[in-house]
Amino acid sequence: MKKASQSPLLKVMLEAPRNGVSGTLKKWLDGGNTFDRSDIFYVIMNLRKRKFYFKALQLLEWLEDSKVIDLGERDYASRLDLVAKVHGVYKAEKYIDSIPISHRGEIVYRTLLANCVSEANVKKSEEVFNKMKDLGFPVTVFAINQLLLLYKRVDKKKIADVLAKMEKENVKPSLFTYKLLVDTKGAIRDIAGMEKVVESMQAEGVEPDLLFQATIAKHYIFAGHREKAEAILESMEGGDIKGNRNACKILLPLYAFLGKKDDVERMWQVCEANPRLDECLSAIESFGRLGDVERAEKVFEDMFATWKTLSSKFYNALMKVYADQNLFKKGKELAKRMDEDGCRLGISTIDSLVKLYVGAGEVDKAESILHKLSKSNKMKPQYSSYLMLLDTYSKKGDIHNSEKVFDQLRQMGYNGRVRQYQLLLNAYVHAKTPVYGFRERMKADNIFPNSVIASLLAATDPFNKKKTLSDMLE
């Protein structure tokens with residue numbers, strides 16, 4: 001990431017008021033400064049990495065309106081991506097109409113597709129994919145990968161259809177395609193299927209990278225195949241881990257998953273004398289996973305000796321450790337410290353705070369924090385934040401609050417995933433209350449019942465005379 005000191009324009013943008021970007025840029029121009037395309041690229045990239053999407057969007061809007069530089073298709077695609085992140089995919093889709101026809105190419109539409117997939121909006125994703133075909137754009141591996149990513153999250157049965165489409169269109173799979181397929185097979189513990197995907201990849205001559213190997217190793221670990229996992233980790237290390245230091249940040253969490261504290265320490269010793277930021281982040285997460293909170297805290301505090309200020313993601317990493325270990329008091333103290341250090345409370349921080357308060361039994365407070373912080377910081381909370389609340393209310397049989405959180409999920413665009421419907425039905429089961437019209441609700445959202453939901457629907461069906469689920473938990 002380019003530092004603000006290296007780019008005067010970036011420094012100006014970071015210091016500009018949130019709603020005062022236009023005035024700041026005009027003042028910059030009136031001061032005799034010019035806009036260099038490469039510098040603008042770096043400024044937007046840095047704003048994106050800091051998740052200052054609104055400022056980045058205002059910068060592109062001003063550049064387009066003022067016509068200071070000529071915009072190309074990638075610039076319009078970048079603006080569309082920012083519109084989607086700030087205002088949602090429907091406004092992003094409308095923005096396409098204002099893009100010059102000569103610049104409404106495949107890059108613009110695939111950017112919209114990626115954002116639809118990111119929101120797990122099945123209907124809109126499929127519409128955009130089909131529109132790209134109607135416009136005559138070739139079916140690319142990028143578009144195929146987006147569909148695979150979507151159905152991996154919401155409807156794994158459709159993956160076979162995408163692969164058939166891929167074969168029909170003669171689209172060659174990329175490394176990312178194989179990674180998605182391996183992850184899908186591994187997630188359902190189909191290790192034999194996962195290994196067949198790897199064999200197919202090897203037959204095509206596609207070489208795995210470290211992240212691909214890490215994905216396989218992770219699934220071996222969770223499926224109980226420790227020896228196979230350890231063999232992959234040994235391969236990833238290579239003959240000399242000091243000479244292969246880039247593997248350390250990836251190996252740290254994998255050894256932590258295996259519970260191998262000595263190997264986590266061994267990886268960290270390679271980095272500790274002169275650590276990189278991403279290695280520190282990995283070490284905090286890994287020691288936290290092992291339950292060694294003091295070691296995670298030491299890595300965090302030692303970072304301030306090298307870097308006087310840290311971005312929120314490093315605070316977030318330690319906050320997650322506290323949340324996972326149910327260290328409520330420490331989590332609250334860290335949140336206060338973040339505020340005092342002028343550190344932005346992002347969606348990851350909010351997610352950990354929700355987990356902390358839910359774990360402490362303060363569900364109402366957790367919900368209040370979720371809404372207040374996300375509203376004041378103009379952020380869309382993570383899916384998992386809502387799911388924790390819904391799961392807690394569901395177990396209590398609290399139908400009113402379960403329906404409320406379920407509705408909030410839909411308002412935020414999280415309406416294409418099976419899990420939230422399952423939890424809502426569970427609330428009715430625990431409340432020993434029948435539910436009316438639920439199948440129709442699911443059908444309207446293009447959600448089809450799996451075996452678990454089917455049994456829950458049968459248990460909560462007011463017209464079903466057969467008693468199920470232990471007679472509604474009695």
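Me: Helices are DSSP runs of H or I with at least four residues, strands are runs of E with at least two, and both are numbered from the N terminus. How many helices and how many strands are there in the protein?
Reply: This is a predicted model, in which local features need pLDDT of at least 70 and side-chain atom pairs count only at pLDDT 80 or more, while totals for chains, interfaces and linings use all residues. Residues are numbered from 1 along each chain as its sequence is written, and side-chain values use heavy atoms, with hydrogens and water left out. The count for the protein is 28 helices and 0 strands.

Me: What radius of gyration does the protein have, and does that agree or disagree with a compact globule?
Reply: The radius is taken over C-alpha atoms, and the globule rule is 2.2 Å times the number of residues to the power 0.38. Along its principal axes, the C-alpha trace spans about 80 × 55 × 55 Å. With 474 residues, a compact globule would come near 23 Å, so the protein agrees at 25 Å.

Me: What share of the residues is buried?
Reply: Buried means under 20% relative accessible area, exposed means over 50%, and partly exposed is in between, with a 1.4 Å probe and protein chains only. By the Shrake-Rupley method with a 1.4 Å probe, the protein exposes about 24,200 Å², and carbon and sulfur atoms supply 50% of that area. Of the 474 residues, the buried share is 48%.

Me: Among contacts between residues at least 6 apart in sequence, what share joins residues at least 24 apart?
Reply: Contact means heavy atoms within 4.5 Å. Contacts between residues at least 6 apart in sequence form the base of the count. The share that joins residues at least 24 apart is 62%.

Me: Which helices do the buried residues of α5 pack against?
Reply: Helix α5 covers residues 73-87 and reaches 20 Å from its first C-alpha to its last, close to the 21 Å expected. That expected span is 1.5 Å times one less than the number of residues. Its buried residues include Tyr76, Leu80, Leu82 and Val83, along with the charged-letter positions Asp75, Arg79 and Asp81. They pack against α3 (37-49), α4 (53-66), α6 (89-95) and α7 (106-118).

Me: Which residue follows α5, and what is its phi?
Reply: The helix itself has 15 residues. The residue after α5 has a positive phi. It is Gly88, near 105°.

Me: Is Asn121 buried or exposed, and which side chain does its own side chain contact?
Reply: Asn121 is in the loop between α7 and α8 (122-134). Its relative accessible area is 10%, so Asn121 is buried. The Asn121 side chain also reaches the backbone nitrogen of Lys124 at 3.1 Å. A polar contact is a pair of N or O atoms within 3.5 Å, where within protein one must be able to donate a hydrogen and the other to accept it, and residues adjacent in sequence count only if both atoms are side-chain atoms; at 3.3 Å, the side-chain partner is Tyr90.

Me: How far apart in space are Tyr178 and Met201?
Reply: Tyr178 sits in helix α11 (residues 175-187). It is buried, because its relative accessible area is 7%. Beyond four places away in sequence, it touches residues including Val197, Met201 and Phe212. Tyr178 and Met201 are 23 residues apart in sequence, and C-alpha to C-alpha they are 6.9 Å apart.

Me: Which residue's backbone oxygen lies 2.9 Å from a polar side-chain atom of Thr215?
Reply: Thr215 lies in helix α13 (residues 210-222). Its relative accessible area is 13%, so it is buried. Not counting residues up to four places away in sequence, Thr215 touches Lys179, Val182 and Asp183. The backbone oxygen at 2.9 Å belongs to Leu211.

Me: Which helices are included in what covers the buried residues of α15?
Reply: Helix α15 (residues 248-257) is mostly covered, with 8 of its 10 residues buried. Among them are Ile250, Leu251, Leu252 and Tyr255. The cover includes α13, α14 (226-237), α16 (261-272) and α17 (277-289).

Me: How far apart are the end C-alpha atoms of residues 311-345?
Reply: UniProt, in an unreviewed entry, places "repeat: PPR" at residues 105-139 and 311-345. The ends of residues 105-139 lie 13 Å apart. Residues 311-345 are 74% helix and 0% strand, and their end C-alpha atoms lie apart by 10 Å.

Terms used. UniProt positions are given in the numbering used here, feature names are shortened, and annotations may be inferred rather than shown by experiment.
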